[in-house]
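Student: I've got a new structure open and I'm not sure how to read it. Can we go through a few features together?

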Amino acid sequence: MAALFSYGVILAISIIIGLIFTVIGLFIGHIILFDSIFLAAISGIICNQIWHVHPALCVVISIVLFAVLFWLQNTKVGFWIISVLLSAFWAFVFGFFAHIFSGEDMIWFYVVMGLGFIIMMGLHLKAKNS
């Protein structure tokens, strides 16, 4: 019985690690798709939890938002607007984590935020070119 439990635990850990690497691969390789999915999911959650809209309508709103964002990011003007805004958002998130982990050191916040913006813009440009 212990062996069966151990195999189950190993399987669960393997699935979790696989999902983590899938998200990281999607984030690095296909940032445009990841941004669209991320914002659509967040909007659906906010729609349901804060505005108390029916879950079925929240799913429809999320799907429409995903399609619009993905389409916008594939246009020339929309790509630059959304890429700059989302790169700034991700840079702020990275800087915020650096701020927390460095003992609230603002220099780390600004350095990581600046580097994060450059890296995220590079990922957006790479995804656009491929």
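Tutor: Sure! Let's start with a cut-off: a residue is called buried when its relative accessible area is under 20%, and exposed when that value is over 50%. Keep in mind that this is a predicted model.

Student: Okay, let me try that on Ser-62. Is Ser-62 buried or exposed?

Tutor: Its relative accessible area is 13%, so Ser-62 is buried. You'll find Ser-62 in helix 3.

Student: And what about His-52, is that one buried or exposed?

Tutor: His-52 has 66% relative accessibility, so it counts as exposed. Look for His-52 in the loop between helix 2 and helix 3. For a sense of distance, its C-alpha atom is 40 Å from that of Ile-107, and the two residues are 55 apart along the chain.

Student: Back to Ser-62. Which residues is Ser-62 in contact with, leaving aside its neighbours within four places in sequence?

Tutor: Those are Ala-40, Ser-43 and Gly-44. Now check the polar atoms. A polar atom of the Ser-62 side chain lies 2.9 Å from the backbone oxygen of Ala-40. The backbone nitrogen of Gly-44 is 3.3 Å from a polar atom of that side chain.

Student: Now the helices. At what angle do helix 2 and helix 3 pack?

Tutor: The general idea is that an angle over 145 degrees counts as roughly antiparallel. Here, helix 2 and helix 3 (residues 55–73) pack at about 155°, with their axes 8 Å apart. That makes the two helices roughly antiparallel. Their crossing is right-handed.

Student: Which residues make that contact?

Tutor: From helix 2, they include Ile-32, Leu-39, Ala-40, Ser-43 and Gly-44. From helix 3, Cys-58, Ser-62, Leu-65 and Phe-66 are among them. By class, the contact of helix 2 with helix 3 has 13 nonpolar residues, six polar and one charged.

Student: How do helix 2 and helix 5 cross?

Tutor: An angle from 65 to 115 degrees counts as roughly perpendicular. The axes of helix 2 (residues 31–49) and helix 5 (residues 106–129) cross at roughly 110° and come within 8 Å. So helix 2 and helix 5 are roughly perpendicular to each other.

Student: Which residues meet there?

Tutor: Helix 2 brings Ile-31, Ile-32 and Asp-35, while helix 5 brings Met-120, Leu-123, His-124, Ala-127 and Lys-128. Sorted by class, this contact of helix 2 with helix 5 holds five nonpolar residues, one polar and two charged.

Technical notes. Residues numbered from 1 in each chain as written. Predicted model: local features only at pLDDT ≥ 70, side-chain atom pairs only at ≥ 80, totals over all residues. Heavy atoms only, no water. Axes fitted to C-alpha atoms, helices over the stretch in contact; angles between N-to-C directions. Helix = DSSP H or I, 4+ residues; strand = E, 2+ residues; numbered from the N terminus. Parallel < 35°, antiparallel > 145°, perpendicular 65-115°, else oblique. Contact = heavy atoms within 4.5 Å. Nonpolar A, V, L, I, M, F, W, Y, C, P; charged D, E, K, R; others polar. Left-handed = near helix turned anticlockwise from the far one by under 90°. Buried < 20%, exposed > 50% of the residue type's maximum accessible area, 1.4 Å probe, protein only. Polar contact = N/O pair within 3.5 Å; in protein donor to acceptor, adjacent residues only side chain to side chain.
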